[in-house]
Amino acid sequence: MVIQMCSLPIPTKIRLAIKNRESHKTIIRVNDVNIGSDEIAVMAGPCSVESMDQMILAAHAVKEAGAQILRGGAYKPRTNPYSFQGLGKKGLELLALARDETGLPIVTEVMSPEDVELVEAYADILQIGSRNMQNFPLLKKVGRANKPVLLKRGMSATFNEWLGCAEYILNEGNPDVILCERGIRTFEQMTRNTLDISAAPIIHQISHLPVIIDPSHGTGTRSLVEPMAKAAIAAGADGIMIEVHPHPDEALCDGAQSLSPDEFQSLMKGIEPIIIAVNRRL
Ligand code: PEP
Ligand code: MN
């Protein structure tokens, strides 16, 4: 059964993630940034936490360029077991060190329900990765956490399935869910994923939750990140997530889509006119 709202069909079984009036918006405050307000949230940092030097350099670089939130994975969901799996607790400690150094809050992924307490003790935002979007025990667990949750879209998930997962978190009592579009699987081979920028207007028409866009995983290619970040903001995204590494060619994970500090600085300059054009601010 569906009801009609803004011409998009909305499943009636999703209650908490759905807007109840046009102006209904959830704004999530993380340190100095209000995600879902007229501010554009920029989350940036390496794919994975690799070492103290790498993390501290990355944190200073993204802060200097104007990012408000630092990203970095300590627990990594890798396609095969022989790839770098992340530093685990040590990685969380390095993230906390980078936060102490720069004042930037951190977003980092939690992969299993047993790790939620530990990751929550370090993170300012708990990330649920694309591959875990429908890990329902994990969603229920972060739904009982006291930190905002960044819920990435599954790579083959429909909007309704994605919102159903947000509903799991909200239904456990955690009101602070940020949706993150990161590209979906299509027949296209030129890009790692097909970045579905329609996520911004679609989610905003249906839901009160903020939506950010990740053009790094969404394209897989460095040269496409800035144009797609601009497109994301133009389409109404509440923020962007960008992978930045002090030496992208040496990255242990996702180097091909990671920007150098200089490239990230130029992205931040490049998005300025778009932010102004859509009446938003950094
Ligand atoms: C990530 O952000 O590092 C990540 C693994 O992303 P995704 O879950 O979107 O693949
Ligand atoms: Mn990555």
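**A buried histidine and a pair of packed helices**

H217 lies in helix α7, which spans residues 215-219. The structure described here is a predicted model. Within that model, H217 has a relative accessibility of 8% and therefore counts as buried, since the limit for this class is under 20%.

The surroundings of H217 may be considered next. Leaving aside residues up to four places away in sequence, H217 touches R71, K152, R182, R192, N193, E243, D254 and Q257. Two of these neighbours, D254 and Q257, also take part in polar contacts with the histidine. The side chain of H217 meets the side chain of D254 at 3.1 Å, and a polar contact of 3.3 Å links the side chain of H217 to that of Q257.

Attention may now turn to another part of the chain, where two helices pack together. These are helix α1, formed by residues 52-65, and helix α2, formed by residues 89-102. Their axes are 9 Å apart and enclose an angle of about 40°. Because of this angle, α1 is oblique to α2; an angle under 35 degrees would instead have counted as roughly parallel. The crossing of α1 past α2 is right-handed.

On the α1 side, the residues in contact are M52, M55, I56, A59, H60 and K63. They meet L94, L95, L97, A98, E101 and T102 of α2. Sorted by class, the residues of this contact comprise eight nonpolar, two polar and two charged ones.

How values were computed
Residues numbered from 1 in each chain as written. Chains lettered and ligands numbered in written order. Predicted model: local features only at pLDDT ≥ 70, side-chain atom pairs only at ≥ 80, totals over all residues. Heavy atoms only, no water. Axes fitted to C-alpha atoms, helices over the stretch in contact; angles between N-to-C directions. Helix = DSSP H or I, 4+ residues; strand = E, 2+ residues; numbered from the N terminus. Parallel < 35°, antiparallel > 145°, perpendicular 65-115°, else oblique. Left-handed = near helix turned anticlockwise from the far one by under 90°. Contact = heavy atoms within 4.5 Å. Nonpolar A, V, L, I, M, F, W, Y, C, P; charged D, E, K, R; others polar. Buried < 20%, exposed > 50% of the residue type's maximum accessible area, 1.4 Å probe, protein only. Polar contact = N/O pair within 3.5 Å; in protein donor to acceptor, adjacent residues only side chain to side chain.
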